[in-house]
Amino acid sequence: MALPLLRCCSCNRPVSILIRYFTSKPHLLSQSRRLAPVSSSVCSVRQYSSERGRHKQNQKVVVVGIPNPFIWFRTRIYFFLIRTYFDKEFSIEEFSEGAKQAFSHVSRLLSQCQFESLDGLVAKDLIEKLEEKCAHLPLSHQKALSAESDEIMYTTTGDVGIYYDDSGRKFVSILMRFWYLTSARIPEDGMEGARIFQVDIGGEGESPETKRLLTANYEFQREFTQGVTPDWIITRIEHSKLLD
C-alpha cells in the first residue's frame, strides 16, 4: 500500500515520453498559445471568423479564470521541490504545453473509441475502465469528448503530488484542468454543467453555430526511481458530465 510523503491534494501513477512526444512536434505547438501566469486573473481569447461572399464577421470568445491564490502558491512549492530533488530541467510551462497537446490527442482517440492507440499513453487499467464507460455513451457524448487544440480555451494546474511506495519507488503526479469548446449536440437536460457558456458563431444570413464550454481533468504521472525510463503516462481522465 502506497504511503504519501508529500501531497498537494490527490495523485496517482508513472509520465515523460508522453510529454516529450508532444512537445517535440513543432507543427502541433505552433497551433497553441502561451498561457498567462495563473497568479492573476486569466483572460483567454479566441477569434472566430465566418465568411460568405464579401461579408466577413469576427467574433471573440473570452473565458476568464480566477485561480485560488493558496492553490497557486502551494503548487509553486511543489514545482520547486520537483526541480530540486527530481528533475532540474523541469518547467511547468513546457509541461503544460505538452499536456495540452496530449489532452487533445488522447481525447480525440477516446471520441473515436480507438482504445488500442491509447496503449503507452494511458495506464492499462484506466484504458479498460474507459472502454467500458464509452461503450454506454451516446454518439453525441462521444463526439463531445474530442478537444481540438484551437478549441482549448484555458488550461491550469490542479493537484500536485510527490510520494513514495513501500518499496521506495518515487512518483510525481500532476493534475491538469482543461476548458474546451465543442459543437457536439448534447441534450441540455443531462448536461447542466455544459450550459455555463455558449457562443453563437455565424455571419449575416448564416445559421449560428452553438458551442458549449466543457471541462476535463487529466492526471499525468511519472516514476522518478533511478534506472526507470522517464516516461509520463495518464492515470486519470474525467470529462465533466461525460466521463466522471
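A residue is termed exposed when its relative accessible area is over 50% and buried when that area is under 20%. The structure shown in these views is a predicted model.

**View 1. The two sides of helix H5 differ in exposure, with buried residues on one and exposed residues on the other.** Helix H5 spans residues 124–134, and Leu 126, Ile 127, Leu 130 and Cys 134 are buried within it. These residues lie on the same side of H5 because they cover an arc of only 100° around the axis. Lys 124, Glu 128, Lys 129 and Glu 132, on the other side of H5, are exposed. The partners against which the buried residues of H5 pack are helix H4 (92–111), helix H6 (139–144) and strand S8 (232–239).

**View 2. Cys 113 and Cys 134 are not joined by a disulfide.** Across the whole structure, the search finds 0 disulfides. For Cys 113, the nearest cysteine sulfur is that of Cys 134, 5.4 Å away, whereas a disulfide requires sulfur atoms within 2.5 Å. Likewise, Cys 134 is in no disulfide, and the nearest cysteine sulfur to it is that of Cys 113. Cys 113 has a relative accessibility of 30% and therefore counts as partly exposed. Cys 134 has a relative accessibility of 1% and so counts as buried.

**View 3. The largest nonpolar core comprises 48 residues.** Phe 95, Leu 110, Val 122, Ile 174, Tyr 218, Phe 220 and Ile 237 touch the most other members of this core. Two or more residues each are given by helix H3 (69–85), H4, H5, strand S4 (152–164), strand S5 (170–182), strand S7 (209–223) and S8. H4 supplies the largest share, 8 residues. In soluble globular proteins, nonpolar side chains tend to be buried together.

**View 4. Leu 110 has contacts beyond its neighbours in sequence.** With neighbours within four places in sequence set aside, Leu 110 is in contact with Phe 115, Leu 118, Leu 130, Cys 134, Leu 145, Tyr 218, Ile 237 and Leu 243. Among these, Leu 130 and Cys 134 are buried residues of H5, while Tyr 218 and Ile 237 are, with Leu 110 itself, among the core residues that touch the most other members.

**View 5. Strands S4 and S5 form a hairpin.** The two strands pair in the antiparallel sense over 10 bridges. Val 160 has Ile 174 in S5 as its bridge partner. Between S4 and S5 there are 5 residues, and Gly 168 in the turn has a positive phi of about 90°. S5 is mostly covered, with 10 of its 13 residues buried.

Technical notes: Residues are numbered from 1 along each chain as its sequence is written. This is a predicted model: local features need pLDDT of at least 70, side-chain atom pairs count only at pLDDT 80 or more; totals for chains, interfaces and linings use all residues. Side-chain values use heavy atoms; hydrogens and water are left out. Buried means under 20% relative accessible area, exposed over 50%, partly exposed in between (1.4 Å probe, protein chains only). Helices (H or I, at least four residues) and strands (E, at least two) are DSSP runs, numbered from the N terminus. The arc is that of the directions from the helix axis to the C-beta atoms. Contact means heavy atoms within 4.5 Å. A nonpolar core is a set of buried Ala, Val, Leu, Ile, Met, Phe, Trp, Tyr and Cys residues joined through side-chain atoms within 4.5 Å. Two strands pair if DSSP finds at least two bridges between them.
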